[in-house]
Amino acid sequence: MVLVEQSLNGLQFGLLLFLLAAGLTLVFGIMDFVNLAHGSLYMMGAYFAATFTAWTGSFILGVLLALGATLLLGIVLEFVALRHLYGRDHLDQVLATFGLILFFNDAVRLIWGPAGLALPLPAWLTVPVQIIPGVYYPAYRLSIIIVALAVAALLYVVVMRTKIGMLIRAGASNREMIGALGINIKLLFTLVFGLGAALAGLAGLMQAPILTVQIGMGENILILAFVIIVIGGIGSIRGAFLAAIFVGMIDTLGRAFLPDLLRMVLSSAAASTAAPALSSMLIYLLMAIVLVVRPEGLFPAAKR
Amino acid sequence: MKSQFNTSNVVVALVAAGLVVLPLYSQLTGNIFILTLFTRIIIFALAAASLNLIMGYGGMMSFGHAAYLGIGGYAVGILAFEGIGSGFIQWPVALAVSALYALVIGALSLRTRGVYFIMITLAFAQMAYYIASGMSRYGGDDGLTIYKRSTFGGLIDLSNRVQFYYLCLACLFGGIYLIWRIINSRFGLVVQGVRSNEQRMQAIGFHANRYRLVCFVISGTICGLAGALLANNTDFVSPAGMYWTRSGELMVMVVFGGMGSLFGPVIGTIFFLLLEELLSQFTEYWALIMGPLLLLIVLFARGGIMGLLGRFNRG
């Protein structure tokens with residue numbers, strides 16, 4: 001019973017991580033751009049959702065408005081600042097977007113105050129649902145799984161089956177060439193960045209009711225998203241998907257079962273401090289092993 | 001031949017002289033705050049200088065240098081906690097553990113290049129962060145208070161502000177001298193050659209990664225020393241001091257000053273920490289200004305402050 005529930009939690013967390021990592025890996029794969037501020041967009045999605053839900057009184061309306069707002073914010077950000085950083089070396093991009101993190105954290109503190117916000121769920125999402133006989137699972141977490149899977153499928157269709165997706169894939173394998181073929185590459189980049197921002201915002205606002213909406217919420221999870229795209233191979237959406245599920249599972253199952261396992265060998269108090277640290281470490285250990293064995297990740301995107 | 005009296009050299013000499021006479025100024029005016037502020041600045045300058053050795057000269061963009069600050073600090077803190085107060089034991093242990101950590105993660109990380117290297121050093125630093133949070137005996141998440149600073153058998157008293165300041169300054173100047181010797185040695189030239197063209201260096205018979213690794217270990221060891229100093233300065237070590245944003249700040253200090261310039265990180269650290277101090281007196285939301293400023297510096301002032309001074313010099 002517990003195992004089923006925790007596995008679903010792991011799947012849910014993994015899918016959420018995928019939404020975040022997908023935007024990151026698209027932006028990286030196509031524009032060769034490292035965006036540390038991706039976590040800030042995740043945070044902004046959550047803050048927007050909390051605010052708009054409070055204003056409109058409707059969860060669905062608030063979520064939709066927040067999605068639009070993050071999309072817009074991403075496009076503005078790309079247009080004002082980030083497009084000047086394409087083609088610069090990765091260090092410049094890391095530093096500039098690190099500056100953006102500082103900015104967003106303080107801007108949020110200024111606007112919403114240092115205390116976190118809560119995003120309350122409507123009543124119809126708080127009931128437990130019987131998924132298999134005898135096993136109940138919170139409706140909200142189930143809906144995260146469904147929405148994230150739907151978005152992943154949509155993303156797959158858009159990237160693999162549409163004209164835009166064809167351009168995106170072409171951009172990822174050879175930027176100069178599709179520019180030379182007369183595609184408006186600047187517009188394409190802005191579009192992809194906005195899409196990535198909206199995905200990050202979606203991940204943030206879906207996570208918001210489970211955890212609190214707070215400053216810095218995007219930073220820990222951003223590092224996880226980076227770990228995922230590095231494990232999966234930068235630029236590969238398929239790699240990001242598999243790595244995200246894997247990391248989500250390890251993180252969740254580690255947190256759930258490691259304390260009990262450790263209690264067999266350690267004192268109870270020591271086990272409860274060591275276990276969360278150990279399960280967090282497992283992920284980084286996994287990444288280190290993958291990079292040592294396959295320095296380009298598990299599913300490297302096509303060579304440029 | 002280039003004149004010795006160009007703008008950047010004059011600025012560097014003035015800053016160095018200023019750092020030497022600062023305690024005098026503090027004593028005369030009774031301004032203790034400036035002494036404690038600059039002690040902190042000097043310690044971070046040492047850490048930034050060590051990062052500059054691999055970033056600026058070795059081309060290795062380590063996003064995990066805060067780990068060494070933590071390791072050096074925890075070595076001092078844990079030994080003090082276990083009743084070993086002598087700096088003659090604490091500090092060599094701090095350096096040795098930092099060097100060992102750098103050796104292990106360097107050997108693994110240097111298999112990768114570019115952004116993968118940035119990410120893997122970040123990942124290892126996060127691992128170190130989680131190890132520190134998991135050490136329940138030594139405070140876990142809350143950190144570890146150091147009740148007694150390192151003792152050096154009566155030679156120097158670290159609780160005396162001025163003596164501690166000069167110890168830190170001596171470490172900084174010593175560290176920079178060491179880095180200067182390294183980059184001008186045969187070893188240092190090979191490392192810089194590998195940064196410019198790895199294939200060519202391999203082709204003429206240098207084992208590029210071995211040179212990189214040694215350079216990486218030296219950098220980590222120097223940063224471990226900064227960690228030991230920092231722990232003595234704050235009388236406290238905590239996982240929060242090893243968080244990845246700290247590594248980012250160290251990178252910012254290096255780039256502000258000018259990557260690949262010997263004294264640049266010192267200037268950059270002074271600039272960054274003074275600016276942070278000034279802005280936080282002016283407004284609680286200092287990062288609201290610091291963040292965009294960082295973006296602007298990256299966009300428009302490549303080469304940092306030392307780069308600007310150099311440009312000024314050429315007229």
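Is Asp32(A) buried, exposed or partly exposed, and how many other C-beta atoms lie within 10 Å? Select Asp32(A) first: the residue is partly exposed, with 19 other C-beta atoms within 10 Å, where buried stands for 20 or more other C-beta atoms within 10 Å of a residue's own, exposed for 12 or fewer, and partly exposed for anything in between, with C-beta atoms placed from the backbone.

This is a predicted model, in which local features need pLDDT of at least 70 and side-chain atom pairs count only at pLDDT 80 or more, while totals for chains, interfaces and linings use all residues. Residues are numbered from 1 along each chain as its sequence is written, and chains are lettered from A and ligands numbered from 1 in the order in which they are written.

**Two aspartates in loops**

Stay with Asp32(A), which sits in the loop joining helix 1 (2–31) and helix 2 (38–56) of chain A; helices (H or I, at least four residues) and strands (E, at least two) are DSSP runs, numbered from the N terminus. Although not a glycine, Asp32(A) has a positive phi of about 55°. Most residues other than glycine have a negative phi.

Next select Asp235(B), in the loop between helix 9 (208–234) and strand 2 (236–237) of chain B, where a positive phi of about 55° is again found on a residue that is not a glycine. Asp235(B) is partly exposed, with 15 other C-beta atoms within 10 Å.

**Chain A**

Now colour chain A by secondary structure, and 11 helices and two strands appear, in the sequence order α-α-α-α-β-β-α-α-α-α-α-α-α. The C-alpha trace of chain A spans about 60 × 50 × 40 Å along its principal axes. Its radius of gyration, taken over C-alpha atoms, is 20 Å, which agrees with the value near 19 Å for a compact globule of 304 residues under the rule of 2.2 Å times the number of residues to the power 0.38. Of these 304 residues, 48% count as buried.

For the interior, select Leu17(A), Leu20(A), Ala21(A), Ala225(A), Val227(A) and Ile228(A), which have the most contacts inside the largest nonpolar core, a set of 209 residues; such a core consists of buried Ala, Val, Leu, Ile, Met, Phe, Trp, Tyr and Cys residues joined through C-beta atoms within 7 Å. Leaving aside residues up to four places away in sequence, Ala21(A) touches Ala225(A), Ile228(A), Ile229(A), Ala240(A) and Ala244(A), a contact being two C-beta atoms, placed from the backbone, within 7 Å.

**Chain B**

Turn to chain B, with 13 helices and two strands, and with 51% of its 315 residues counted as buried. Its C-alpha atoms fill a box of roughly 50 × 45 × 40 Å along the principal axes.

Select helix 11 (residues 264–282) of chain B, whose 19 residues should span 27 Å and whose end C-alpha atoms are 26 Å apart, which agrees; the expected span is 1.5 Å times one less than the number of residues. Buried residues of this helix include Gly264(B), Pro265(B), Ile267(B) and Phe272(B).

**Where the chains meet**

Finally, show both chains together: 36 residues of chain B are in contact with 38 residues of chain A. On the chain B side, helix 5 (114–134), helix 10 (244–257) and helix 12 (287–300) each supply at least two residues, and helix 5 gives the most, with 15 residues. By class, this side of chain B has 26 nonpolar, nine polar and one charged residues, where Ala, Val, Leu, Ile, Met, Phe, Trp, Tyr, Cys and Pro count as nonpolar, Asp, Glu, Lys and Arg as charged, and the others, Gly among them, as polar.
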